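Trainee: Could you walk me through one part of this model closely, the contacts between side chains, and show me how they fit in with the strands around them? I'd like to follow each step of the reasoning.

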Amino acid sequence: MPLMFLYSSQDFVTDVHRTRGSSLVPTKFDTTIQGGWRDRMDRGLFRYHLGDLQTRILPGHHGFIAQLNIQRGTERRKPQEILSIQQEFNAKQFNFNKINPEEIIFEMIKDTEGGSERGQLHQPCRMVVLVNISPLEFGHCLFVPDPSHCLPQVLTPFAIQVGIESVLLSADPGFRVGFNSLGAFASVNHLHLHGYYMDHELKIESAPVKPLLPEKGFYHLLDFPVGFLFYTESEQVEKVAGAVCVVTNFFVECNIAHNLFLTRGCLPMSEKDPCSRKGVRIAVWPRISCFGAKEESAFNVALCELAGHLPFKNKKDYELTTERVVIEIIQKYLLPDEEFHALEKQILSRLMAL
């Protein structure tokens, strides 16, 4: 039987700061994921051994974090053929019911016995956490809502809520969670989110925003790449997760590919304590769909690349790519301004109706 990780809102960490030299006391969540991940690496369950990755910060305003990870580009499982953002689950293709059970680190279950949390989480209420055997960074794992439900790669309120709560369960500001929709470089059509640690600050943690519906935690990201941003602290997780799902459901209805990136971040529109990371920023990027498209030689534009973390596939591009080139590559996958602003109006209308 897999290890059970029982948690409640009392386990959320609300005093995270991004300050140099401060000692980090890992939580039970951190030690369980990291210990389980190291154990599977030592036992040879991964497709390759991931050591310390070569890392450099590209000169320029955006502070892109470049990392050289050649083996992920060559050794990872071939992505499935995706033809639609609304593609149905296919049990004949690879899915997370077919993995080696040893890859499972634990199952997350929220303790909602009594109290105000009763009924918060939607079915299924079991989140399976397993190692990604083709890791892009330390601790790279997958969060899979009850795999036996065979859900396609379309976000649910439960998946979003547990993704946010996972960030809140970590004391490490470098722990991130993300999602790629079909058509946005998701490689498996079975609902899952990515989680990993990266010990570098990203600009998105403090990027400037314009308020759209701040009472619902909804903002417009002003810095490149332009997208939408939700923000929540521990008390509003369920409400904000529901609002995020309204947006992603709308994208699915409209066949718009999208990426999400969840990270500790600053309270939007506040200049108090810029090192504070009490809440979670959820960046949402609608983007141009990629179905059977030729992959970029340097890096693919998915959840971490849009957030400023660039895993490079080859040494030449890693060493020579400039900020200008990165912007040119990412720009090809972003929606035209006119289309983005039309979407913004439609999303605002939906969220105001909640």
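Mentor: Sure, and let's start with a definition: a residue is called buried under 20% relative accessible area, exposed over 50%, and partly exposed in between. Keep in mind that this is a predicted model.

Let's try that out on a salt bridge. D39 and R43 form one, with their closest N and O atoms 2.5 Å apart. D39 has a relative accessible area of 30%, so it falls between the two cut-offs and is partly exposed. R43 comes out at 41%, so it is partly exposed too.

Now take K110 and E165, whose side chains meet in a salt bridge at 2.7 Å, N to O. K110 belongs to strand β4 (residues 104–110) and E165 to helix α3 (residues 157–169), so this contact links distant parts of the chain, 55 residues apart. How accessible is K110, buried or exposed? Its relative accessible area is 8%, and because that is under 20%, K110 is buried. E165 has just 1%, so it counts as buried as well.

R176 and E205 make another salt bridge, with the closest N and O atoms 2.8 Å apart. R176 lies in strand β7 (residues 175–180), while E205 lies in the loop between β8 (193–197) and β9 (209–213), so the pair ties together parts that are 29 residues apart in sequence. R176 has a relative accessible area of 0%, so it is buried. E205 is also at 0%, so the verdict for E205 is buried too. This pair has company: R18, R176, E201, E205 and R277 are joined into one network by salt bridges that share partners. The count of salt bridges in the model comes to 13.

On to the rings. A pair of aromatic rings is described by two things, the distance of the centres and the angle of the planes. The count here is 17 aromatic pairs. One of them is F5 with F29: the centres are 5.9 Å apart, the planes are at 70 degrees, and the arrangement is edge-to-face. F5 sits in strand β1 (residues 4–7) and F29 in helix α1 (residues 28–42), so the pair ties together parts that are 24 residues apart in sequence. Both F5 and F29 are buried.

Compare that with F228 and F340, a stacked pair with 4.7 Å from centre to centre and 15 degrees between the planes. F228 is in strand β11 (residues 227–232) and F340 in helix α8 (residues 337–352), and they link distant parts of the chain, 112 residues apart. F228 is buried, and F340 is too. As for F5 and F29, they also belong to one aromatic cluster with Y7, W37, F46, F106, F138, F175 and Y197.

F228 leads us to the strands, since its strand β11 has a partner. β10 and β11 run antiparallel with 4 bridges joining them, and they form a hairpin with 5 residues between them. Across that pairing, Y219 stands opposite L229 in β11. On the other hand, β10 also pairs with β9, antiparallel over 4 bridges, and K210 stands opposite H220 in β10. β9 and β10 make a hairpin as well, with 4 residues between them, and G217 in the turn has a positive phi of about 70 degrees.

Which way do the side chains of β10 point? In a regular strand, side chains alternate between the two faces of the sheet. In β10 (residues 218–221), F218 and H220 point one way, Y219 and L221 point the other way, and all are buried.

Last stop: a separate open sheet, with 3 strands in the order β2-β3-β14 and mixed pairing. β2 (55–57) and β14 (309–312) are at the edges with a single partner strand each, so one side of each has no neighbour in the sheet. From one strand to the next, the twist averages 20 degrees. Strand β3 (residues 65–68) runs parallel to β14, joined by 4 bridges, and L68 stands opposite F312 in β14. There is one more side-chain contact to finish on: the charged end of R56 sits over the ring of Y318, 5.8 Å from its centre.

Notes. Residues are numbered from 1 along each chain as its sequence is written. This is a predicted model: local features need pLDDT of at least 70, side-chain atom pairs count only at pLDDT 80 or more; totals for chains, interfaces and linings use all residues. Side-chain values use heavy atoms; hydrogens and water are left out. Two strands pair if DSSP finds at least two bridges between them. Helices (H or I, at least four residues) and strands (E, at least two) are DSSP runs, numbered from the N terminus. Axes are lines fitted to C-alpha atoms, for helices over the stretch in contact, and angles run from 0 to 180 degrees between N-to-C directions. Rings of Phe, Tyr and Trp (its six-membered ring) pair if their centres lie within 6.5 Å; planes under 30 degrees apart count as stacked, over 60 as edge-to-face and the rest as tilted. Buried means under 20% relative accessible area, exposed over 50%, partly exposed in between (1.4 Å probe, protein chains only). A charge sits over a ring if NZ of Lys or CZ of Arg is within 6 Å of the ring centre and within 35 degrees of the ring normal. A salt bridge is a side-chain nitrogen of Lys or Arg within 4 Å of a carboxyl oxygen of Asp or Glu.
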